[in-house]
Structure formats: C-alpha cells, structure tokens
Amino acid sequence: MAQPRQHRFHTMKAAIHRWAHWPTSAELVQCWQQHQTQQPLYWHTHTDRLPESRCFSPGHADFNQRLQQALRYWQPPGHYCIANPLPNSTLMLLPPHESAHTPSPPWLTAAPILPVQHVAIVGAGIAGAATAYALAQRGVAVTVLEAGKAAQAASGNRQGLLYAKIAAHPTAQTELLLAGYGYSRQLLDLTLPESHGWHACGVLHLNHNASEERRNQQLAQQHPHSTLYQAVNAAEASTLAGVPISHSGLWWPHGAWLHPPAWVNALLAHPHIRLVEYARVEDVERHHNHWQLSYRQHGHAHILAASHVVLCGGAASAHLPLLHGWPFQPIRGQTNTARAGVLAQQLRCALSGASYISPAWQGQMCFGASFVPNDAGHDWRAAEQQHNWRELHRLNPALAADLHAANPNNQPASGHAAVRCDSFDHLPVVGAVGDAAAMRQVYAKLAHDKNQRINTPCPWLPGIYINTAHGSRGLATAPLCGEAVAAAILGLPSPLSPRLQQALHPNRLVIRSLTHHQPWLPEI
C-alpha cells in the first residue's frame with residue numbers, strides 16, 4: 001500500500017476580522033502583523049465599490065500593488081476573493097447586504113468536518129490541479145491520481161481563452177463566471193510567468209449576431225465604468241486587434257490566452273503535491289476511518305490510503321467509483337491548429353464570437369471549437385475540422401483566407417479533440433457528496449411533493465468531495481471551485497457566496513432525479 005507523507009491536520013480555525021467599510025492597507029498590515037498564530041487570517045469587508053486612493057497607505061508599496069492588481073479583475077458589488085495578499089491571509093469582498101446564513105434544506109448544507117491527514121485527488125486537469133494547489137498551499141499533503149498524463153483531456157487544448165462570457169442578468173452562472181474569472185487571473189499572475197505559455201493580450205467578444213449585440217450593449221450600459229470590459233465599435237476593435245474587424249463588440253482588456261497544460265503542470269509542481277500518472281482508479285472503499293483507492297499503473301495494482309477524496313474526473317466523472325449513475329452530460333469539442341500567415345501574425349488579441357481564434361504562438365494559430373452534446377468520442381474528425389474553418393470564416397474572413405493561404409488543402413490536419421463534462425443546468429458540480437442511494441430513500445417523499453419539508457440530516461459519504469462539470473468554462477471556474485473545496489474540507493470560510501454554494505452543490509443532481517422521477521443507475 002502506498003503510504004502518504006506524514007502530515008496531520010484537524011480543522012483549521014480561521015481568525016476572521018470584519019469591516020463594514022474599506023480598511024486602509026496600513027490597517028490590514030497592522031492586523032496581519034499582530035496575528036501571531038498559524039491560523040489562516042481572513043478579512044471580510046462589506047463593500048459595493050472600489051477603494052478610494054486614501055485607502056492605499058504610504059509605505060506599503062508592495063502590498064498596495066498586490067491589492068490594486070487583484071482589484072482590476074473585480075466588478076462590484078459581486079462576491080470576490082483575494083487570496084494571499086499577505087502570506088496566510090485572504091481578503092473577502094462581500095456585498096453590503098449579503099446574508100451570512102441562507103436557510104438550506106439538509107441536502108444542500110455543508111458536510112461534517114473530518115480530521116485531514118492526506119487528500120487523494122482523482123484527475124489532473126485544471127479542476128484537479130487547482131484543488132490540489134489550494135490544499136497544498138495550506139500545508140496539506142496531496143496525491144493526484146491521473147489515468148493518463150496530466151492535462152491531456154479537456155485541459156489539453158493548445159490555446160484556451162480566459163475571460164467570462166456572461167449574461168446581462170444576475171444569474172448564478174454570471175456570478176460564478178465573474179468571481180471565477182477574477183480569481184483565475186490572480187492565480188495565473190502568481191503561479192505562471194507570462195512568458196511560459198500565456199499572454200494577457202485581451203479578448204474581443206464580437207457582436208456576431210443581433211442577440212449578442214443586445215447582450216453586450218446591455219452589459220456596457222449597466223456597468224459603464226467597468227474595469228473588466230468596455231463596448232467598442234468596429235474601428236476601435238480593428239485598432240485593438242491589429243487586423244480588420246467588421247463588428248462592434250465587448251473588449252476584455254485583462255483577458256488572456258493560455259496553454260492549459262503549462263498552467264496545470266505549474267500548479268501540480270507544488271512540493272506538497274505528488275502526481276501519479278497512468279494510474280487508473282478502479283475502486284474506492286471505506287476502511288475504518290479512511291478511504292482506500294485501488295488503482296492500476298502499468299499493469300500493477302496499488303492501494304492508496306487517504307482521509308479525503310476529491311473527484312475531479314471531468315468527462316470521466318460518471319465512470320468513477322462512487323459516481324456511477326450520476327447524470328453528467330458529455331460534450332465533445334475539437335479545435336484546429338494551423339500555421340500563421342502574414343496577416344495572422346499581426347493579430348494582437350484573441351477574437352471570440354460563435355467560435356474563437358487566439359493570437360499566434362510558436363508560429364501556430366488555434367481556432368474552433370466544435371460543440372457536440374452527448375458525444376463522448378475523442379477521435380479526430382475531418383468534418384469538425386471543416387466546421388471550424390467555416391466558423392473562422394464567419395468570425396473573420398480575412399484571417400480565414402490568410403490561414404488558408406498559409407495551409408494549402410487544410411494540411412496537415414492537426415488540433416485537439418476532447419470531451420467536456422456538463423450538468424443539466426450548465427453549472428459545475430462542486431462540494432461534499434451525499435450517499436445517493438441513501439438519499440433517494442431518506443428523501444423519497446420529494447418524488448410526490450417537491451415542496452415537502454424534510455429535516456432529516458443528509459447521509460453523507462464522509463470525506464468525499466467533487467469538482468467537475470465545468471463544461472467549456474473550466475479555466476474561469478475550476479480554480480475558484482478548487483479553493484471552495486479546499487475551504488470546505490478544512491472548515492474555512494468559502495470563497496463562494498451562500499447562493500453559489502447551494503447552486504453548485506452536488507446533491508442537487510440527486511434530488512432532481514427524485515423530483516423529476518428520473519431513474520438512478522445502480523452502483524457498478
């Protein structure tokens with residue numbers, strides 16, 4: 001049996017200081033200096049606006065710079081998390097009227113906190129890597145088991161875009177995307193040098209149809225002074241892009257393209273993380289007060305013991321032990337890569353619409369992507385390659401013609417095909433996992449009346465958590481959700497609002513199967 005490193009943690013009680021206004025940087029530094037314990041330090045600030053210049057006290061230049069950089073990615077009044085502005089500290093920006101205690105049915109509550117000794121994470125995509133990093137940053141020993149190589153499935157795309165395609169209405173998805181985008185940009189700044197596989201080039205989301213134009217205009221009108229995005233006309237878009245653009249759009253100046261494998265591997269390089277590749281998990285069983293994960297690597301059987309398990313399997317989630325039968329939806333996607341022509345080399349920012357294209361990197365362009373629901377195929381398909389070319393022509397005919405000239409006959413055929421994981425409501429599945437079979441018995445009355453009041457405590461799978469179903473938005477949502485899982489395991493304040501904690505809760509899938517009279521596949 002593989003033995004984890006000997007780290008032992010119990011619940012991490014946080015020291016929480018609350019302000020009803022923006023504290024000055026001098027107040028924050030003084031509070032941090034007086035905090036002499038190893039407990040995590042949390043500052044909760046209830047605010048709906050950016051701080052005034054007087055809040056950045058003289059003599060704290062590095063701290064001020066860190067705060068100002070992080071605040072560039074925040075759109076008030078949303079819930080926002082600034083991680084580690086000073087070592088072992090977190091600054092949480094909360095809307096002034098947010099309730100700290102939202103009534104929850106028992107299946108959407110937090111699971112009991114258990115002593116943490118060693119955490120096993122299944123899956124080494126962006127969700128698994130970010131979750132492992134969030135735990136490792138707090139000194140927890142983590143082993144990541146990956147069935148293949150790290151960042152080769154949905155996180156294996158050559159160039160992905162980091163920005164937030166949001167609705168003009170305050171939906172749960174919009175809240176998550178805004179909070180997650182800001183957190184991901186912070187984390188990217190801190191963990192990967194910009195020359196190592198990403199570039200903050202900005203993203204132009206073009207008004208490629210009437211619906212997009214209405215949505216983007218509404219966003220710009222609602223937040224005319226937003227630091228996240230601004231409306232631009234076609235001439236302004238052309239100047240920003242460095243190539244002719246025929247559409248107006250929404251400009252995300254802090255948006256970025258990035259090579260997801262570079263970021264995943266940077267997160268997994270933390271000294272408290274052990275990565276085990278080509279380790280296919282076959283079984284997860286409870287043994288006394290810990291879990292035993294049976295996995296096979298290069299034909300040999302192994303067992304890993306862990307106090308907690310986080311399932312981050314992406315499209316493979318429904319095939320993992322403990323999750324058989326969970327109603328995840330596979331969505332196939334394929335991107336193209338092609339040699340950059342003369343015009344394409346001049347593209348200065350990423351373009352997004354019904355499809356996207358990134359600026360040239362190492363002489364290659366990445367564009368796409370196809371979107372095929374309920375298709376779990378990983379094979380390369382010529383039909384989707386042609387689809388991506390057609391969509392590129394609709395997005396920007398001049399770039400498409402330039403790439404065609406530089407790549408006669410669309411050869412060689414290259415790119416990346418993978419399967420994304422989605423849920424019925426297109427929100428990630430994040431948090432503690434209930435025992436689905438037991439829940440269907442305990443809450444069976446909900447099948448007859450979904451408004452039935454049942455106060456029976458949820459039957460949990462002790463120490464089992466999940467972070468998956470990020471669809472095509474994982475770069476923006478998975479890191480923040482990884483932070484939320486780490487906080488839940490360790491008993492720390494969540495970076496997610498109470499609304500989002502409920503909206504993303506894994507048990508919502510089980511309860512929906514009851515209220516919608518859907519069968520639940522038996523455990524295999």
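Here are four short exercises on this predicted model, each with a worked solution.

**Exercise 1. Sort the residues of helix H2 (residues 61-71) into buried and exposed, and find what the buried ones pack against.**

Step 1: Start with the inside. Phe-63, Asn-64, Arg-66, Leu-67, Ala-70 and Leu-71 are the buried residues here.

Step 2: Ask where they sit around the axis. They span an arc of only 160 degrees, so they end up on the same side of H2.

Step 3: Flip to the other side of H2, where Ala-61, Asp-62 and Gln-65 are exposed.

Step 4: Look for the partners. The buried residues of H2 pack against two helices, H1 (25-34) and H4 (172-191), and against strands S2 (41-46), S3 (80-83) and S4 (89-94).

**Exercise 2. Work out how strand S5 (residues 119-122) is covered and which strands it pairs with.**

Step 1: Recall that side chains in a regular strand alternate between the two faces of the sheet.

Step 2: Apply that here. Val-119 and Ile-121 are on one side, Ala-120 and Val-122 on the other, and all are buried, so both faces of S5 are covered.

Step 3: Take the first neighbour, S6 (residues 142-145). S5 and S6 run parallel and are joined by 4 bridges; Val-119 has Val-142 as its bridge partner in S6.

Step 4: Now try S17 (residues 308-311). This strand also runs parallel to S5, with 4 bridges between them, and Val-122 is partnered with Leu-311.

Step 5: Add the connection. Together, S5, helix H3 (residues 126-136) and S6 form a right-handed β-α-β unit.

**Exercise 3. Count the disulfides, then check Cys-81 and Cys-366.**

Step 1: Search the whole structure, and you get 0 disulfides.

Step 2: Check Cys-81. Its closest cysteine sulfur belongs to Cys-481 and is 12 Å away, too far for a bond, given that a disulfide needs the sulfurs within 2.5 Å.

Step 3: Do likewise for Cys-366. The nearest cysteine sulfur is that of Cys-201, at 12 Å, and Cys-366 is in no disulfide.

Step 4: Finish with accessibility. Cys-81 has 4% relative accessibility, so it counts as buried; Cys-366, at 0%, counts as buried too.

**Exercise 4. Describe the surroundings of Leu-206.**

Step 1: Place the residue: Leu-206 belongs to strand S9 (residues 203-206).

Step 2: Read off the exposure. Leu-206 is buried, with 0% relative accessible area.

Step 3: List contacts, skipping residues up to four places away in sequence. Leu-206 touches Glu-212, Asn-216, Ile-245, His-247, Ser-248, Gly-249, Ser-352, Gly-353 and Leu-395.

Step 4: Pick one of these, Asn-216. Leu-206 and Asn-216 are 10 residues apart along the chain, and their C-alpha atoms are separated by 8.8 Å.

Note on methods:
Residues numbered from 1 in each chain as written. Predicted model: local features only at pLDDT ≥ 70, side-chain atom pairs only at ≥ 80, totals over all residues. Heavy atoms only, no water. Buried < 20%, exposed > 50% of the residue type's maximum accessible area, 1.4 Å probe, protein only. Arc of directions from axis to C-beta. Contact = heavy atoms within 4.5 Å. Pairing = 2+ DSSP bridges. Right-handed = clockwise from strand over helix to strand, strands pointing away.
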